[in-house]
Amino acid sequence: MNTRRQFLASSATAVAALATGAFRARAADMPGITDTEIKIGQTMPYSGPASAYGVIGKTESAYFKMINEAGGINGRKINLVSLDDSYSPPKTVEQVRRLAEQEGVAFFFNTLGTAQNASIRQYLNDAKIPQLFVATGASLFADPEHFPWTVGYNPSYQTEARIYGKHILATKPNAKVAILYQNDGFGKDYLTGLKDGLGADHAGMIVKEASYETSEPSVDSQVVTLQGSGADVLLIAATPKFAAQAIRKSYDLGWDATRYLTNVSQSITAVMKAAGFEKSKGLITGAYGKDVGDPAFKDDAGVKEWQAFCDKYLSHTEFGDLNASYGYGAAATMAQVLKQCGADLSRENVLKQATNIQNLTLPMLLPGITINTSPTNYSPIRQLKLAQFNGESWQLFGDLIAG
Amino acid sequence: MALFLHQLASGLALGGIYAIMALALVMIYQATQLVNFAQGEMAMFSTYLAWKMIDSGWPYWFAFVATLAISFVGAVALERAVVRPFAKAPILASIIVFIGLAFIFNACAGWLFGYSVQSLDSPFPGRPLFGVGYISAHELGSIFVSFVVLALVYVFFRFTPLGLAMRAAAQNPASARLVGIRVGWMLSIGWGLAAAIGAVAGMMAAPIVYLDPNMMGGVLLYAFAGAVLGGVDNPWGAAFGGFLVGGLENLMGAYVVGEEVKLSVALAIIVGVLVVKPSGLFGRRIVARV
Amino acid sequence: MDARWNFFARLGWVVALFLSIAAPFVLGSYHLYQLTQVLIYAIALIGLNLLTGYNGQISLGHGAFFAIGGYGVAILTTKFGVPYWAAIPAAGAICFGAGFLFGFPALKFGGLYLALATFALAVAAPQMLSYKGFDAWTGGAQGLQLGKLRAPPWAHVSADTWTYLVALIAALALFGFALNLVGGRIGRALIAIRDHAVAAETMGIDAPLYKTTAFGISALYAGVAGGLSALAVGFVSPESFTLPLSLSFLVGIVVGGLASVGGAIFGAFFIEYVPNYADMLSVQFGESAKALPGAIYGLLLIAMMAAAPSGVIGLIRKIVARLFGAERA
């Protein structure tokens with residue numbers, strides 16, 4: 001009895017000493033980090049109009065689960081706390097405050113949405129909490145001068161549209177261009193980028209612009225209007241459902257136009273299949289990820305790795321979902337950053353490592369595309385490769401283009 | 001001219017879908033004085049069931065009929081179990097219940113079937129008819145089906161004893177009971193019919209707008225607009241309103257105001273019509289005893 | 001019974017007042033932020049209740065007035081440098097005007113048509129807000145960033161606490177005004193119009209005037225709430241004001257209790273906390289059920305209506321009557 005009591009007493013004092021000493025110092029330097037855990041915060045639209053993107057959060061959680069099962073990173077397990085914001089900025093603000101102030105997360109990873117990320121950017125920068133790899137292609141998030149704690153991820157929409165504009169100038173200099181775009185930040189970025197790519201002196205090439213709201217059932221009417229303008233080039237800056245409608249309608253109308261498609265809607269299984277493979281022939285996109293529905297990648301090592309991951313941690317549905325493979329890559333990027341941090345997981349160092357990625361390759365990125373960041377380059381993915389759909393797969397052509 | 005015909009054709013195709021949704025809404029409204037906000041989500045869920053069946057290999061028309069049957073039975077059960085208990089509660093309480101049902105159907109569809117866009121093949125042959133691309137085969141078929149549904153419903157209510165009983169139960173429940181009509185069951189059957197009609201709307205819409213859990217939100221909105229425009233106490237007026245909204249929406253967007261404010265303008269027009277004709281174009285002027 | 005009820009009502013108000021003043025000293029910043037949201041929703045719900053509960057005009061579009069208020073404050077503070085304490089009443093006044101104007105055509109519509117017309121308003125609001133012609137003012141799809149509401153140096157409180165106190169003062173003022181309104185002649189007139197418009201007119205009540213004014217006042221409340229929300233969140237965009245917001249206002253007043261000023265508080269708590277609660281519950285179902293919060297929320301709505309069809313206030317009334325015996329039927 002006595003010995004046990006003595007033992008307990010002495011170990012209690014030892015623990016207390018340790019706690020007040022080393023632990024507390026570390027906890028103060030590294031919020032959200034304990035000896036065994038790295039707590040990461042995220043908001044995703046699991047419900048509401050953008051719920052199709054919720055699978056990204058689901059995939060990332062599964063990825064970190066896989067890492068944890070293999071022992072974690074430098075002995076610490078990753079705890080991704082992913083909350084639903086229904087794609088509504090006020091709710092995003094609320095959830096982020098909860099994660100930061102109540103849950104005490106170390107930093108934020110891959111929060112989704114342009115307006116959503118914009119709504120929390122000031123708060124996170126003021127509080128010096130890293131807002132890493134935001135899941136949006138809006139160019140305003142690669143601004144190290146004003147918002148040093150916010151790092152982008154997706155290739156910029158404006159860059160992509162600029163690439164299309166330049167390609168039009170190069171291949172069809174006398175074209176009449178029409179654009180269908182979603183009436184929000186995403187779609188409007190494409191409009192801006194296209195105008196940029198064509199240049200001010202060719203601005204007259206755009207003969208018709210038509211926008212749509214996500215609350216509308218169909219964009220058929222817009223496509224008819226665009227065709228009526230006599231355009232022979234069409235840029236479809238639409239999310240998957242509306243892109244499929246536009247592709248199908250433009251074919252059904254017998255409109256012989258060169259069609260460019262945003263890479264957000266490039267998934268063969270989600271979009272081309274719905275629109276019809278025959279009707280999707282000739283589409284051009286600027287791709288950066290491998291599409292599993294593409295027969296060209298049937299025996300690709302990266303795709304096989306992704307397949308094995310899905311078999312074990314997700315399901316067949318996610319395997320064919322471009323959003324899911326995107327999440328897979330983003331989570332891998334995050335894991336790389338954490339590895340680079342080593343023992344110093346303070347917010348400053350996490351940001352430092354996140355802006356110090358050199359030539360990282362991921363299994364689902366197109367060959368040749370690498371991830372790079374630096375203190376002046378907050379856009380990790382800048383390269384795209386043009387591809388054309390031949391009814392079966394996306395045929396890559398040309399060189400890697402950097403934006 | 002070609003442009004105009006294209007716009008008109010696609011507008012009428014969607015308009016037909018709005019028309020039959022408006023009909024379903026008005027049917028329930030006439031019987032219960034309640035607007036079923038969950039009608040769209042129920043239709044979407046039915047369409048997913050159809051998709052699942054077709055995906056598993058069932059032939060289209062077989063799945064079509066099976067879906068109608070399941071929707072009918074399901075809605076009858078839903079009415080008895082969830083809606084009927086609130087019959088005596090304040091009207092807004094029932095409205096909240098419908099909003100709750102809409103959330104449930106939407107979330108369950110996403111959970112069970114995923115959020116990726118799915119396609120439902122059209123039962124009508126792919127090649128455009130008459131060799132011109134003015135109207136696709138599916139659009140024509142969809143308009144045709146809309147008319148068939150409207151005709152069948154009309155015949156049902158006008159010429160069958162059950163239809164007569166349902167009309168009586170809706171117009172004057174007390175007197176209907178006195179002549180031996182089971183008013184409660186008439187209500188349930190009304191719900192079943194409305195759900196079946198909604199399922200048809202969903203299945204006609206899916207090849208055009210594609211299937212995802214948020215498919216019917218926009219459709220329901222325009223169906224409301226059509227019902228209001230045509231008059232909510234007149235089923236045929238509401239259906240006409242649906243066609244009108246579909247055509248107007250496209251033509252206004254293309255020719256008058258541009259696509260950017262199409263939605264706002266369409267809705268402003270409806271408000272405008274209501275100011276002039278407060279019961280809708282074909283609604284009855286209700287004269288109430290003071 | 002009425003005297004008993006009045007006693008409880010007054011007691012309830014005193015307790016609420018005490019708790020709300022004590023809150024900043026007890027709660028952490030995040031919880032205080034949530035409570036600020038509750039106050040904001042409560043103001044909007046009072047406004048809607050005045051129109052729908054007391055006056056019988058069903059509006060499904062109050063999210064639009066909330067948006068006008070929010071954008072009004074955002075534009076006034078960021079583009080015109082108006083201080084926030086002037087911007088909020090200004091936004092409220094603009095909304096009063098908008099609501100009053102909308103009330104005129106609304107006079108002609110019967111209940112359902114008004115509901116659907118306001119529903120249309122709620123759906124069209126985001127599109128009108130992102131109209132490119134207004135981009136220079138509204139910031140278009142990117143939205144507008146408002147500066148954080150900083151406390152004045154003499155107050156020695158955090159920005160969060162200051163925001164909460166501003167919201168509290170606004171809420172107290174508006175609640176007081178509402179209680180005064182419904183307890184007096186105007187309130188009785190509104191209820192009379194709701195219950196039997198023709199009889200009310202024969203008694204000399206100018207129904208059109210009261211109805212349009214009711215619309216204006218309820219829009220004013222929603223606008224002030226929207227303005228406060230813009231300041232608290234620090235950001236406005238078209239996506240912040242979509243249809244679900246309007247629907248949640250309707251849910252709030254029905255759950256709280258129609259024709260009840262106090263009910264707005266219960267309703268506000270419901271719409272602020274229950275979706276988060278549904279989130280937590282759905283986690284029990286495992287990873288794949290991330291979508292289920294919507295279904296759980298729907299179930300909770302239905303359960304709420306089953307348990308309390310006249311709202312929380314109605315339930316409390318019943319309990320008080322049960323406990324203390326009804327002196328009148």
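Q: How many residue pairs in polar contact does the rule find across the interface of chain C and chain B?
A: The rule finds two such pairs, with both residues at pLDDT 80 or more. A polar contact is a pair of N or O atoms within 3.5 Å; within protein, one must be able to donate a hydrogen and the other to accept it, and residues adjacent in sequence count only if both atoms are side-chain atoms. This is a predicted model, in which local features need pLDDT of at least 70 and side-chain atom pairs count only at pLDDT 80 or more, while totals for chains, interfaces and linings use all residues. Residues are numbered from 1 along each chain as its sequence is written, chains are lettered from A and ligands numbered from 1 in the order in which they are written, and side-chain values use heavy atoms, with hydrogens and water left out.

Q: Which helices of chain C each supply at least two residues of the side that touches chain B?
A: They are H5 (111-129), H11 (243-256) and H13 (293-307) of chain C. A helix here is a DSSP run (H or I) of at least four residues and a strand is a run (E) of at least two, numbered from the N terminus. H5(C) gives the largest share, ten residues.

Q: What classes do the residues of the side of chain C that touches chain B divide into?
A: They divide into 31 nonpolar, six polar and two charged. Ala, Val, Leu, Ile, Met, Phe, Trp, Tyr, Cys and Pro count as nonpolar, Asp, Glu, Lys and Arg as charged, and the others, Gly among them, as polar.

Q: How much area do chain C and chain B bury between them?
A: They bury about 3500 Å², 83% of it on carbon and sulfur atoms. Tyr113(C), Gln127(C) and Ile302(C) supply 19% of the area that chain C buries against chain B, more than any other three residues. Buried area is the accessible area (1.4 Å probe) that two parts lose on being put together, summed over both.

Q: What makes the meeting of the side chains of Arg97(A) and Asp160(C) a salt bridge?
A: A salt bridge needs a side-chain nitrogen of Lys or Arg within 4 Å of a carboxyl oxygen of Asp or Glu. Arg97(A) and Asp160(C) meet at 2.6 Å, N to O, so the pair fits the rule. The count between chain A and chain C is one salt bridge.

Q: Which elements give two or more residues to the side of chain A that touches chain C?
A: They are helix H2 (54-69), strand S2 (77-84), helix H3 (89-103), helix H4 (114-126) and helix H6 (185-198) of chain A. H3(A) gives the most, with ten residues. By class, this side of chain A has ten nonpolar, twelve polar and 13 charged residues.

Q: How many residues of chain A are in contact with chain C?
A: 35 residues of chain A are in contact with 29 residues of chain C, where contact means heavy atoms within 4.5 Å. Chain A and chain C bury about 2700 Å² between them, 48% of it on carbon and sulfur atoms.

Q: What domains is chain A divided into?
A: They are domain 1 (2-155 + 302-382) and domain 2 (157-287), with bounds from an automatic or database domain assignment. The contact between them takes ten residues from domain 1 of chain A and eleven residues from domain 2 of chain A. The count of salt bridges between these domains is zero.

Q: What pLDDT does chain C average?
A: Chain C averages 86, and 96% of the residues score at least 70. pLDDT is the predictor's confidence in each residue, from 0 to 100. Where pLDDT is low, the predicted coordinates should not be read in detail.
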